[in-house]
Amino acid sequence: MTAVEPVATETGRDFIRDIIQADLASGRHTGVVTRFPPEPNGYLHIGHAKSICLNFGVAAEFGGRCHLRFDDTNPVKEEQEYIDSIERDVRWLGFDWGPHLYYASGYFEQLYDWAEHLIHAGKAYVDDQSQEEIRATRGTLTEPGTNSPFRDRSVDENLDLFRRMRAGEFPNGARVLRAKIDMASGNINLRDPVLYRILHAHHPRTGNAWCIYPSYDFAHGQSDAIEGITHSICTLEFEDHRPLYDWFIDNLPVPSRPRQYEFARLNITYTVLSKRVLTTLVRDKLVSGWDDPRMPTIAGLRRRGVPAEALREFAKRIGVAKANSVVDMGMFEFSVREVLNRTAERRMAVLRPLKVVIENYPEGQSEALEAVNHPDDPAAGTRTLTFGREIYVERDDFMENPTSKFYRLAVGREVRLRWAYFITCREVVKDAAGEVVELRCTYDPQTRGGNAPDGRKVKATIHWVSAADSVPAEVRVYNHLFKNAAPNPADFANEINPQSLEVLTGCRLEPALADVPVGQAVQFERQGYFCPDPDQRPGALVFNRTIGLRDTWAKVAAGG
RNA sequence: UGGGGGAUAGUUUAAUGGUAGAACAGCGGACUCUGACUCCGUUAGUCUAGGUUCGAAUCCUAGUCCCCCAGCCA
């Protein structure tokens, strides 16, 4: 077996990896160089994570490298904040570009020279038409466009005008540089595409050095060629840009011959992955920011408590193909639970407390009990819990008129308190409104630690916290940001799920939970995975629910 | 009515002319100091119609349906 073969079995096979393997086998390439090329005009989201895992993953598997390159050719939309967030997010995802951090803007001088090269070759011209005129003469999907009246200017005149464009002699929109290809092409990208436009704008990297900026098409392939990219992987909508990508490579003295390949972008149910929509959600304050835990952004998912490993796991699971698809949100949730179940320590927390008084437990007494931190990982050790006469249990773990399927607490029923004792509910205390406010129970001292010496069983084990020794907290429970499985991006403001954020106050946590670092995942037993939010302060704990545990009881309960 | 792509269980994918396989979801069961995890079982698929071939998801022909493109965005 060669070094490249075992990889496919480990990460799955897809058409991109097949192509690379074939290119290596045929000798077309001796190594692999890919790149992740974000435009710094927003935060990265889970769709980008798919691309990042593909580009960096493929490079690592085949012993190559992956560049991080900012596609910063449009200064009116780009900001340093986005550059910083993108670097942070890619790194957090677990990838390293080493010294290979690049910017399209770093190639502006070279790209400019190549533009003049095209002019000299009679393959580019300065067009004085307005934006409207250019649009009007481009033709339609079924009709060819018509040539610009400026299409046949002399090389000298084009050169003179283009240099004056660069010198700043003209206002925005006055002229553009266009490639001279074919106004009748069935592929609209080939109808004399714009190469440079005048933009008197401050650029985050180049400042005011330039007032003309290359278009995406004129910058991307050439940047790939400069960096020696072998496989330039992008999404499907760029498929019909490929002939133009190749046209530049064919007509310019570029140092290498990259090729573009396209795969289907990620879509997920109950989610919108459109930078335009995400930007608007943030701008209009429909969410608290780019890192709102309900957002599908890397920053949002991180704050929510989703581990980077789960994102990588998910990317691997969904694969890479050319067919448009929508991945079930459940697939993502499974990946998150899979990682968290393995890595998160267990603790107890009562989200909706119901007081329980153990009538036969001596007043003023308490005792220490030992609880294991992770059932499948003895190395995680144990911790001490304090048990006393008054505790809290979950309201949902008590039912006044229990159904036959319900086997938690009810009057006359015995259950196990996790790591503690068996208790039996004797009596219910209600307030004036008839609401249950307290349970009177008795415990069996023989069952200390959670097992009965006589071998009798209970049907349920429930979680609890000590009334005296627990700490208060706020818990934020998140649900889908959008109420429909396939939200309409055109009307997304009305698609937002009003229950996407549920704030629970007055929750009670076991004391150990006060020391969990922000962002660290922990399982609240029987409920889900949570992590402290950066909003929390000493004495004011705030936890985010990353995701609930799989809940088959909810199905049974719903089904009657 | 132009050009470029794509169709395999409910979903995401594999099979590269030789037994259509997996994961998620679903359903049933076992186990359990988490109604979790784990384990076992199970339902369910090649867009259609022809053709080539001993043999077709795969090759050919003709259709059908879906997606993308008319920014001086990327």
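**Cavity, pocket and RNA surface**

Modeller: Let me start with the largest cavity: helix H8 (residues 216-227) gives the largest share of its lining, four residues. Bear in mind that this is a predicted model.

Colleague: Which residues line the largest cavity?

Modeller: Tyr216, Asp217, His220, Gly221, His241, Tyr245 and Gln260 do. Each has an atom within 4 Å of a cavity point, so each counts as lining.

Colleague: What makes this a cavity rather than a pocket?

Modeller: A 1.4 Å probe fits inside but cannot get out, so the space is called a cavity. The structure holds one of 30 Å³ or more, and about 30 Å³ of space lies in the largest cavity.

Colleague: How many residues of each class are in that lining?

Modeller: There are two nonpolar, four polar and one charged. Tyr216 and Tyr245 are in the lining, and Tyr counts as nonpolar, so they belong to the nonpolar class. Asp217 is in the lining too, and Asp counts as charged, so that is the charged residue.

Colleague: What is the volume of the second largest pocket?

Modeller: About 1,100 Å³. Strand E1 (33-36), helix H3 (46-61), H8, strand E8 (231-235) and helix H10 (275-283) each give two or more residues to the lining of that pocket. The lining has 34 residues, and Glu39, Asn41, His48, Phe238 and Lys275 lie nearest the centre of the pocket.

Colleague: Now the RNA. Which residues come nearest to RNA strand B?

Modeller: Asp18, Arg346, Arg408, Arg416 and Gly449, of 68 residues around the strand. H13 (329-343) supplies the largest share of that surface, four residues. By class, the surface has 21 nonpolar, 23 polar and 24 charged residues.

Colleague: Why does arginine 138 count as making a polar contact with RNA strand B?

Modeller: An N or O atom in the side chain of arginine 138 is 2.9 Å from a phosphate oxygen of the strand. The cut-off for such a pair is 3.5 Å, so this is a polar contact. Threonine 552 passes too, because its polar side-chain atom lies 2.8 Å from a phosphate oxygen of RNA strand B.

Colleague: Which part of RNA strand B does aspartate 240 sit 2.9 Å from?

Modeller: A base nitrogen, with the distance taken from an N or O atom in the side chain of aspartate 240. Of the strand's atoms within 4 Å of the protein, 64% belong to sugar or phosphate and the rest to bases.

Methods. Residues are numbered from 1 along each chain as its sequence is written. Chains are lettered from A and ligands numbered from 1 in the order in which they are written. This is a predicted model: local features need pLDDT of at least 70, side-chain atom pairs count only at pLDDT 80 or more; totals for chains, interfaces and linings use all residues. Side-chain values use heavy atoms; hydrogens and water are left out. On a 1 Å grid over the protein atoms alone, a cavity is a set of points where a 1.4 Å probe fits but cannot get out, and a pocket is an open set with protein on both sides within 12 Å along at least five of seven lines; lining residues have an atom within 4 Å of a point. Grid points are joined across faces, edges and corners, and a volume is the space filled by probe spheres set on the points. A residue is near a molecule or strand if one of its heavy atoms lies within 4 Å of it. A polar contact is a pair of N or O atoms within 3.5 Å; within protein, one must be able to donate a hydrogen and the other to accept it, and residues adjacent in sequence count only if both atoms are side-chain atoms.
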